[in-house]
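Biologist: Before we look at the model together, could you take me through its aromatic pairs, a pocket and one of its helices, giving the reasoning behind each answer?

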Amino acid sequence: MSVLFKKEWLEASRSYKLLWFPVVFMFLGIVQPLSSYYLPQILELAGGLPEGVNITLPQLTAEDVLASTVTNQFDQLGLLVIVIGMMGIVVSDKDNGMLTFILTRNASLGEYLVGKWIGQAAIVAGAVATGMLIAALYTSYLYSFLPLSRIAAGLGVYYIWCLFMVTLTLLMGSLLSRSSGVAVVSLFVLIFMKVATALGSGFQIMNPAHLTNHAVHIMISGSALPHFMTTVAVTLLLIVVFLFLSHFYLSRKELPAS
């Protein structure tokens, strides 16, 4: 496992994923606080509103800005970045023969999948945490200080949703043979789940995408929405099922013949 984990870390380093992943999320964390705070000045520099149009901009709080960072930046552009960054993690190993090479050595398919999952999950954790830290610093400086306990708790909940994204992309990489197909199918499923969050609260307890709403509510009020533990349990169960399905499919298609 340690060797497989080091392999993932080396590949991420050589592809500069350890650099550009955190940088992208840092940028996403900066954009929302700055654009919200300086929106009046931006409108003024752009020539102001058309004559006869009068719009009163809402007075945003620090909680509102940080919540918007999660929902408007991390959960939209960030979702896209995670899928694109992970879409080739299994496909490339299948194409260049690395998966077959690993499985002919003293390593099992389960160890390969778990090592890859832990490696990618660690990269995403570092990137999301860095972006959230930058967002919290800018928000606290421009608006007001936010309790670190609430930010950390909300980030932890949101990270479970990120783990679901990583695992789904890993599953699609096991099932499909092209990175582009992995990206398209994964994005379709994840965006559909995000859109489905508008269908009503009763359905959302079974929807992993609803964890974003829980995370935002924790950051704003310090408490989660109803049925929080049910949504977490369903999400964790799906992660385990997806890993099992990845193992089951690859064991039928990729294991070397004895």
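Biologist: In which helix do Phe 21 and Phe 25 both lie?

Modeller: Bear in mind that this is a predicted model. Phe 21 and Phe 25 are four residues apart, about one turn of the helix, and each of the two is buried. The helix that holds them both spans residues 17–37 and is H2.

Biologist: How do the rings of Phe 5 and Trp 9 pair: stacked, tilted or edge-to-face?

Modeller: Phe 5 and Trp 9 are four residues apart in helix H1 (residues 2–14), so about one helical turn separates them. Phe 5 is partly exposed, with a relative accessible area of 30%, and Trp 9 is likewise partly exposed, at 37%. Their ring centres lie 5.9 Å apart with the planes at 25°, and because planes under 30 degrees apart meet the criterion, the pair is stacked.

Biologist: And what is the class of the aromatic pair formed by Phe 21 and Phe 25?

Modeller: The distance between the ring centres of Phe 21 and Phe 25 is 6.2 Å, and their planes stand at 40°. An angle that is neither under 30 degrees nor over 60 falls into the remaining class, and the pair formed by Phe 21 and Phe 25 is therefore tilted.

Biologist: Which residues form one aromatic cluster with Phe 21 and Phe 25?

Modeller: By the centre-to-centre rule, the count for the model comes to nine aromatic pairs. The cluster that contains Phe 21 and Phe 25 is completed by Trp 20, Phe 74 and Tyr 158.

Biologist: Which helix gives the most to the lining of the second largest pocket?

Modeller: This pocket, the second largest, has a volume of about 160 Å³ and is lined by 13 residues, with Glu 11, Lys 17, Gly 88, Ile 89 and Ser 92 nearest its centre. The lining divides into two nonpolar, six polar and five charged residues. At least two residues of the lining come from each of H1, helix H5 (91–95) and helix H7 (109–142), and the helix that gives the most, with three residues, is H1.

Biologist: Which residue, with a positive phi, follows H11?

Modeller: Helix H11 covers residues 211–221, and its buried residues are Leu 211, Thr 212, His 214, Ala 215, Val 216, Ile 218 and Met 219. What covers these buried residues includes helix H4 (62–86), H7, helix H8 (148–175), helix H9 (179–196) and helix H12 (228–253). The residue that follows H11 has a phi near 90° and is Gly 222.

Terms used: Residues numbered from 1 in each chain as written. Predicted model: local features only at pLDDT ≥ 70, side-chain atom pairs only at ≥ 80, totals over all residues. Heavy atoms only, no water. Phe/Tyr/Trp six-rings, centres within 6.5 Å; stacked < 30°, edge-to-face > 60°. Buried < 20%, exposed > 50% of the residue type's maximum accessible area, 1.4 Å probe, protein only. 1 Å grid on protein atoms, 1.4 Å probe; cavity = no way out; pocket = protein on both sides within 12 Å on 5 of 7 lines; lining within 4 Å. Points joined across faces, edges and corners; volume = space filled by probe spheres on them. Nonpolar A, V, L, I, M, F, W, Y, C, P; charged D, E, K, R; others polar. Contact = heavy atoms within 4.5 Å.
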